[in-house]
Amino acid sequence: MKVVLFDIDGTLVKAGGAGARALNHAVEEMTGYKDACDHVQLQGATDKTNFENAYKVGAGRKPTKKQLETLTRKYVARLPVEVEISVKAKKYSKVKGVEKLLARLEGRAGVMVGLGTGNLKDGAFIKLEPSGLMRHFSFGGYGCDSHHRAEVLKKAVQRAARLSGSAIKEREVFVIGDTHRDVEAAKEAGYHSGVVLDGFGDEDAIMRSNPELMTKDFSDLKPWLIWLGLERDPRGVRRGTYICPDSPIEHAHYGSTGMDLRDIETGIEQLREAKRKATGRP
Ligand SMILES: [Mg+2]
């Protein structure tokens, strides 16, 4: 059984800042402080962590358990309004090609598609609602499961195992995100990691986190289907080998699956240049 876990923000959809505005609204209602999220790095963290940090900006101290519950309730109550504002302003969009990828995975024997997101479960559904993508996901791991993203992913896999009635091996799990935090969490849990660069991640940080696959978006599905082991590599690279992103040696034995398609997309020279920029090394 293969389990494919999608992050939401920047990977499936871009909600035009709806989450940050809803959180700002909730913090302001409780503390009077405006635009608290301007001072919080929201991307790639779980909602719980973001809520605590934003509250701290507004109140000058961490929220109590009760205050965090109130903040969460206010956030969830406000989120549909803010999502609707983004939709009306045409600032809500699906990440290019993701619908096509989900359609290719749909109903495929031996493949389960789920969410692996820092969003609270309620928040996840609200954010996805206008996209119509929710129907592709029958399970997930959410920000309400843990502060820790690797734990969120593991929770999703546990649910997949329960649903399918079969044990799932770590190497059968593929995590797709848009920030280095998605990659780090996947690696920590022992799962595969792929990233789209067109989301909210910082490209240098993504390069350093070294995911197995990086592409701009999902407009070309081929790399993704090869990485998932659902299509053959056109170059005939054996499964079990792939191209080491910082090595001149092609086909270096680097990991257990997939390949780094960055060199196909941009050429090995450009890859090296990006790597030089990211690491500061000549
Ligand atoms: Mg994201």
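Which residue of strand 4 does Phe 6 stand opposite? Let's follow the chain to find out, bearing in mind that this is a predicted model.

A good place to begin is strand 1, which spans residues 2-6. This strand is mostly covered, with five of its five residues buried. Its side chains leave in two directions: Lys 2, Val 4 and Phe 6 point one way, while Val 3 and Leu 5 point the other way, and all are buried.

Now look at the partners of strand 1. With strand 4, made of residues 111-116, strand 1 pairs in the parallel sense over five bridges. Here is the reply to our opening question: Phe 6 stands opposite Leu 115. Strand 1 also pairs with strand 6, residues 173-177, again in the parallel sense, this time over four bridges. In that pairing, Leu 5 has Val 175 of strand 6 opposite.

From the strands we can move to a pair of helices. Helix 1 covers residues 18-31 and helix 2 covers residues 47-59. The two pack at an angle of about 40°, and their axes are 10 Å apart. Because angles from 35 to 65 degrees fall between roughly parallel and roughly perpendicular, helix 1 counts as oblique to helix 2. Their crossing is right-handed.

Which residues make this contact? Helix 1 brings Leu 23, Val 27, Met 30 and Thr 31. Helix 2 answers with Asn 50, Phe 51, Ala 54, Tyr 55, Gly 58 and Ala 59. Sorted by character, the residues of the contact between helix 1 and helix 2 comprise seven nonpolar, three polar and no charged.

Notes
Residues are numbered from 1 along each chain as its sequence is written. This is a predicted model: local features need pLDDT of at least 70, side-chain atom pairs count only at pLDDT 80 or more; totals for chains, interfaces and linings use all residues. Axes are lines fitted to C-alpha atoms, for helices over the stretch in contact, and angles run from 0 to 180 degrees between N-to-C directions. Angles under 35 degrees count as roughly parallel, over 145 as roughly antiparallel, 65 to 115 as roughly perpendicular and the rest as oblique. A crossing is left-handed if the near helix is turned anticlockwise from the far one by less than a right angle, and right-handed if clockwise. Two residues are in contact if their C-beta atoms, placed from the backbone, lie within 7 Å. Ala, Val, Leu, Ile, Met, Phe, Trp, Tyr, Cys and Pro count as nonpolar, Asp, Glu, Lys and Arg as charged, and the others, Gly among them, as polar. A residue is buried if 20 or more other C-beta atoms lie within 10 Å of its own, exposed if 12 or fewer, and partly exposed in between; C-beta atoms are placed from the backbone. Two strands pair if DSSP finds at least two bridges between them.
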